[in-house]
Amino acid sequence: MKALLVIDIQNDFLLGGSLAVPEGDKVISVVNELMPHYDLVIATQDFHPAEHSSFASNYLDRKAGEVINLNGQEQVLWSDHCVAGTEGAALASALNTDGIDRIFQKGKDPQVDSYSGFYDNGHIRSTGLGDFLRMEGVEEVHLVGVATDYCVKFTALDAIAEGFETRLIIDACRGVNLQPGDVDCAIDEMKNVGVQIWGSDQVLGETVTLFRPTGLEELKKIEKSGFTAWPPRLPDQPIFYPVLNQVYAEQIAREWNITASGSGFVTRFRVKRSFLRSYPRQIVGGREHEELWIPAEDLTELNDNIVGKIEVIKRFETFPMKV
Ligand code: VGL
Ligand code: ZN
């Protein structure tokens with residue numbers, strides 16, 4: 001069993017939040033894409049009382065970013081964040097919360113901080129996450145979220161100590177870098193204890209397969225490119241619509257292209273996943289009718305991201321009746 005641990009993707013750590021991690025919001029679409037690839041998806045949530053001892057505002061003379069000694073441990077002081085029950089503590093609304101099986105909250109004790117999703121920073125009180133994962137039969141955990149140099153790192157170190165095979169999905173994490181180089185150091189620290197550093201492509205695959213119905217005229221132009229590029233759109237075609245499944249493409253080829261030009265073809269081609277991430281899937285009509293809307297001006301860039309050839313996989317024709 002494999003679990004995805006989604007660390008602290010909460011409003012206060014994202015754009016506009018009180019403790020925003022640079023580019024934190026960039027991880028959300030990757031995390032949503034990853035979720036269906038796991039047996040279990042667990043989210044952690046930083047969830048502090050307003051009087052928490054990690055908030056600079058709770059001291060007379062301290063500023064955020066200063067480091068103090070708290071009960072024998074180094075403690076970075078932060079601006080107020082993730083106060084229980086506030087909007088800032090809520091999971092990001094763009095995160096697919098339907099894909100999350102269970103949430104573990106941490107940092108509720110005002111006297112001690114809790115970066116790790118497994119234990120508080122004093123390693124005294126457990127959140128129950130380790131026992132829960134073992135009970136579910138999980139052997140491998142993959143980590144995503146924020147911040148790479150705090151909560152992600154400490155959760156990863158504990159995951160290794162708890163005996164889980166542990167991977168960090170690096171493009172689905174962002175860090176604070178309070179000091180320049182902190183994120184790189186955190187990654188080295190994780191590697192040194194056996195955390196494997198992965199990219200989301202290693203889980204998802206590097207490319208997405210797309211389908212597109214087309215007519216004879218367009219097909220001739222594709223052939224001219226050596227089956228490597230889509231021809232420029234016409235002035236009255238501002239958007240290029242590839243679809244995500246073959247059945248839908250066939251339906252359009254049969255119903256639309258045959259009517260328009262007497263023949264219809266279905267093509268299949270592969271495009272780098274990283275490029276497609278900025279074009280959300282549009283559901284048109286039924287659930288299986290998923291398509292991407294790519295503005296005509298982005299077509300050259302799309303062509304540059306095609307891997308392999310555009311293949312014709314089906315052909316539909318109406319034959320004139322012989323007389
Ligand atoms: C975090 C600082 C304070 C984190 C939480 O989620 O990494 N960082 N509290
Ligand atoms: Zn916190």
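This is a short dialogue on reading a sheet, a buried residue and a ligand shell in a predicted model.

Me: Happy to start with the sheet. In what order do its strands come, and how do they pair?

Reply: Good place to begin! In general, strands of a sheet pair through backbone hydrogen bonds, either parallel or antiparallel. Here 6 strands make an open sheet, ordered 5-2-1-6-7-8, with parallel pairing. Strand 5 (102-106) and strand 8 (196-198) are at the edges with a single partner strand each, so one side of each has no neighbour in the sheet. From one strand to the next, the twist averages 25°.

Me: How many bridges join strand 1 to strand 2?

Reply: Strand 1 (residues 2-7) and strand 2 (residues 40-46) run parallel and are joined by 5 bridges. For I7, the bridge partner in strand 2 is T44.

Me: Which strands does helix 3 lie across?

Reply: Helix 3 (residues 148-161) lies across strand 1, strand 2, strand 6 and strand 7 (165-174), and runs at about 170° to strand 7.

Me: Now a single residue: is V141 buried or exposed?

Reply: The idea is to count C-beta neighbours, with 20 or more within 10 Å meaning buried. V141 has 27 inside 10 Å, so V141 counts as buried. This residue belongs to strand 6 (residues 140-146). Leaving out residues up to four places away in sequence, V141 touches A3, L5, L133, A159, F164 and T166.

Me: Finally, which residues are around ligand 1?

Reply: Look for D8, F13, D46, W78, V146, A147, Y150 and C151. By class, the shell has 6 nonpolar residues, no polar ones and 2 charged.

Notes
Residues numbered from 1 in each chain as written. Chains lettered and ligands numbered in written order. Predicted model: local features only at pLDDT ≥ 70, side-chain atom pairs only at ≥ 80, totals over all residues. Near = placed C-beta within 6 Å. Nonpolar A, V, L, I, M, F, W, Y, C, P; charged D, E, K, R; others polar. Helix = DSSP H or I, 4+ residues; strand = E, 2+ residues; numbered from the N terminus. Buried ≥ 20, exposed ≤ 12 C-beta atoms within 10 Å, placed from the backbone. Contact = placed C-beta atoms within 7 Å. Pairing = 2+ DSSP bridges. Axes fitted to C-alpha atoms, helices over the stretch in contact; angles between N-to-C directions.
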